[in-house]
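Me: I should like to go through this structure with you. May I put some short questions as we proceed?

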Amino acid sequence: MAFHNEIGKLGEDIVKAFLMKQGLSFLGANFTSYHRGEIDLIFESKELSKLHFIEVKSIRVNSLMKESKGHIDPRDNFTKDKYSKLIKTIEYYCILNNVRNQAWQLDLACVYIDMTTRQAKVEYIPNVILE
């Protein structure tokens with residue numbers, strides 16, 4: 001596995017644990033719709049009866065302190081094209097799983113991973129909408 005794939009998998013695992021601590025129920029990971037895209041994580045909020053489709057963007061940083069100064073922003077990799085593909089993939093997932101009438105939202109989780117200190121920071125952005 002390439003190093004960037006390892007960082008991505010580690011980021012997904014971190015976000016999965018983060019969301020489970022928030023009380024969301026894990027439904028699946030890496031749902032792929034060829035010609036459309038891939039959904040990194042799928043959760044459900046039983047309280048709100050809502051599906052959460054999470055796009056995870058993970059980056060390695062030299063220091064979590066430097067990240068907070070704005071030097072690195074993984075949101076830059078969340079483009080309008082990526083957003084459009086994800087919306088189509090979510091719609092396809094809902095059709096396949098017969099949940100067309102259930103409320104859902106697309107969330108973005110940015111994970112900053114300091115490999116030296118083995119610490120991470122999650123920035124969770126709910127209900128992302130790009131026009």
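Me: In what order do the elements run from the N terminus on?
Reply: In this predicted model, the order from the N terminus is α-β-β-β-α-α-β-β. That gives 3 helices and 5 strands in the chain.

Me: How do E3 and E4 pair, parallel or antiparallel?
Reply: E3 and E4 pair in the parallel sense, over 12 bridges. One bridge partner to note is isoleucine 113 in E4, which belongs to arginine 60.

Me: And E2 with E3, how many bridges there?
Reply: Strand E2, residues 37–45, is joined to E3 by 5 bridges, and the two run antiparallel. Within that pairing, leucine 41 stands opposite isoleucine 54 of E3. The hairpin of E2 and E3 has 4 residues between the strands, and serine 49 takes a positive phi near 50° there.

Me: What about E4 and E5?
Reply: Strand E4 (residues 103–114) pairs with E5 in the antiparallel sense over 7 bridges. Alanine 109 has tyrosine 124 in E5 as its bridge partner. This hairpin has 4 residues between the strands, and arginine 118 takes a positive phi near 60° in it.

Me: Back to E3. How many of its residues are buried?
Reply: E3 is mostly covered, with 10 of its 12 residues buried. For the chain of 131 residues, 38% count as buried.

Me: What does the accessible surface of the chain come to?
Reply: It comes to about 8,000 Å², and 49% of that belongs to carbon and sulfur atoms.

Me: New topic: aromatics. How many pairs are there?
Reply: The count comes to 7 aromatic pairs. One of them is formed by phenylalanine 18 and tyrosine 124, which are tilted, at 6.0 Å centre to centre with 50° between the planes. This pair links distant parts of the chain: phenylalanine 18 belongs to helix H1 (residues 3–21) and tyrosine 124 to strand E5 (residues 119–125), 106 residues apart.

Me: Why does phenylalanine 18 count as partly exposed?
Reply: Phenylalanine 18 counts as partly exposed because its relative accessibility is 26%. Tyrosine 124 is also classed as partly exposed, because its value is 23%, and the cut-off for buried is under 20%.

Me: Which other pair should I look at?
Reply: Phenylalanine 53 and tyrosine 93 form an edge-to-face pair, with 5.3 Å between centres and 75° between the planes. Here too the pair links distant parts of the chain: phenylalanine 53 lies in strand E3 (residues 50–61) and tyrosine 93 in helix H3 (residues 80–96), 40 residues apart. Phenylalanine 53 and tyrosine 93 are both buried.

Me: Which residues form the aromatic cluster?
Reply: One aromatic cluster is formed by Phe31, Phe53, Tyr92, Tyr93 and Trp104.

Me: Which charged ends sit over a ring?
Reply: The charged end of lysine 16 sits over the ring of phenylalanine 26, at 4.0 Å from the ring centre. Likewise, the charged end of lysine 121 sits over the ring of tyrosine 112, at 6.0 Å from its centre.

Me: Turning to valine 15, where does it lie?
Reply: Valine 15 lies in helix H1. It counts as buried because its relative accessibility is 0%.

Me: Which residues is valine 15 in contact with, neighbours within four places aside?
Reply: Leaving those neighbours aside, valine 15 is in contact with Leu41, Ile54, Val56, Ala109, Val111 and Val122. Two of these names came up earlier, as leucine 41 is the residue that stands opposite isoleucine 54 in E3. The C-alpha atoms of valine 15 and cysteine 110 are separated by 8.7 Å, although these residues are 95 apart along the chain.

Me: What share of contacts in the chain is long in sequence terms?
Reply: Among contacts between residues at least 6 apart in sequence, 58% join residues at least 24 apart.

Me: You mentioned cysteine 110. Is it buried or exposed?
Reply: Cysteine 110 is buried, because its relative accessible area is 0%. Cysteine 94 counts as buried as well, because its relative accessibility is 4%.

Me: How many disulfides does a search of the whole structure find?
Reply: The search finds 0 disulfides.

Key: Residues are numbered from 1 along each chain as its sequence is written. This is a predicted model: local features need pLDDT of at least 70, side-chain atom pairs count only at pLDDT 80 or more; totals for chains, interfaces and linings use all residues. Side-chain values use heavy atoms; hydrogens and water are left out. Rings of Phe, Tyr and Trp (its six-membered ring) pair if their centres lie within 6.5 Å; planes under 30 degrees apart count as stacked, over 60 as edge-to-face and the rest as tilted. Buried means under 20% relative accessible area, exposed over 50%, partly exposed in between (1.4 Å probe, protein chains only). A charge sits over a ring if NZ of Lys or CZ of Arg is within 6 Å of the ring centre and within 35 degrees of the ring normal. Contact means heavy atoms within 4.5 Å. Two strands pair if DSSP finds at least two bridges between them. Accessible areas come from the Shrake-Rupley method with a 1.4 Å probe; for residues, only the protein chains shown count as cover. A disulfide is a pair of cysteine sulfur atoms within 2.5 Å.
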